[in-house]
Amino acid sequence: ESGEILRKGTIYTAHPDKHTIVNADSTLSLISTGKVQFVRPAADVLLVSMAINCRDRALAVILTGAGRDGGIGALAINMSGGKTIVQEDPEFPGMPEAAISTDDVDFIVPLVDIAPLLINLVTRGKSD
């Protein structure tokens with residue numbers, strides 16, 4: 001819901017037909033602005049808001065998906081000092097390829113390796 005405070009260990013899913021943004025005060029906002037990359041909700045909107053408000057604490061994971069959504073957001077995350085993980089060999093390569101085409105992703109790994117990598121990054125700050 002709009003105004004909800006982000007909480008450690010909680011998974012949030014996008015609201016149908018609304019973009020999700022992360023605010024500077026660690027709350028979420030749901031907005032009904034136009035489609036981005038032909039979709040709403042759009043990963044790019046969320047990721048750019050994370051890049052602006054979370055900076056080097058932002059961590060993006062781009063999974064299988066059609067279209068080009070996610071590339072601009074992944075670039076924004078990396079430019080702000082955050083990290084990006086992209087799924088290797090996805091069933092629908094559009095979103096991962098959009099991120100990879102920026103030449104600015106940190107990890108391209110098989111789906112099975114994403115969870116262990118996330119755990120290492122958030123608990124130890126490294127990728128071994």
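These legends walk through several close-up views of a predicted model. Residues are numbered from 1 along each chain as its sequence is written, and side-chain values use heavy atoms, with hydrogens and water left out. Because the model is predicted, local features need pLDDT of at least 70 and side-chain atom pairs count only at pLDDT 80 or more, while totals for chains, interfaces and linings use all residues.

**Figure 1. The whole fold has 4 helices and 5 strands.** Helices (H or I, at least four residues) and strands (E, at least two) are DSSP runs, numbered from the N terminus. From that end, the elements follow the order β-β-α-β-α-β-α-β-α. The C-alpha atoms fit a box of roughly 35 × 30 × 25 Å along the principal axes. The radius of gyration is 14 Å, which agrees with the value near 14 Å for a compact globule of 128 residues; it is taken over C-alpha atoms, and the globule rule is 2.2 Å times the number of residues to the power 0.38. Of the 128 residues, 35% count as buried (buried means under 20% relative accessible area, exposed over 50%, partly exposed in between, with a 1.4 Å probe and protein chains only).

**Figure 2. The largest pocket holds about 1600 Å³ of space.** A pocket here is an open set of points on a 1 Å grid over the protein atoms alone, where a 1.4 Å probe fits, with protein on both sides within 12 Å along at least five of seven lines; lining residues have an atom within 4 Å of a point. Grid points are joined across faces, edges and corners, and the volume is the space filled by probe spheres set on the points. Look for Thr 10, Ile 11, Tyr 12, Met 50 and Leu 59, which come closest to the centre among the 39 lining residues. Elements that give two or more residues to the lining are β1 (19–22), β2 (28–31), α1 (43–54), β3 (59–62) and α4 (111–123). Helix α1 gives the most, with 6 residues.

**Figure 3. Helix α2 (residues 71–79) has buried residues along its run.** Gly 71, Gly 73, Ala 74, Ala 76, Ile 77 and Asn 78 are buried, and their cover includes α1, β3, β4 (83–87) and α3 (94–100). Gly 71 has a relative accessible area of 5%. Setting aside neighbours within four places in sequence, Gly 71 is in contact (heavy atoms within 4.5 Å) with Asp 44, Ala 98, Ala 99 and Thr 102. Pro 96 is 25 residues from Gly 71 in sequence, yet their C-alpha atoms are 7.6 Å apart. Just after α2, Gly 81 takes a positive phi of about 100°.

**Figure 4. Cys 54 sits in helix α1.** This residue, Cys 54, is buried, with a relative accessible area of 16%. Not counting residues up to four places away in sequence, Cys 54 touches Val 22 and Ser 49.

**Figure 5. Backbone details appear in three loops.** Most residues other than glycine have a negative phi, and most peptide bonds are trans. Arg 40 and Pro 41 are joined by a cis peptide bond, with omega about 10°; Pro 41 belongs to the loop between β2 and α1. Asp 89, in the loop between β4 and α3, has a positive phi of about 55° and is exposed, with a relative accessible area of 72%. Asp 103 lies in the loop between α3 and β5 (107–109); its phi is also positive, about 60°, and Asp 103 is exposed at 73% relative accessible area.
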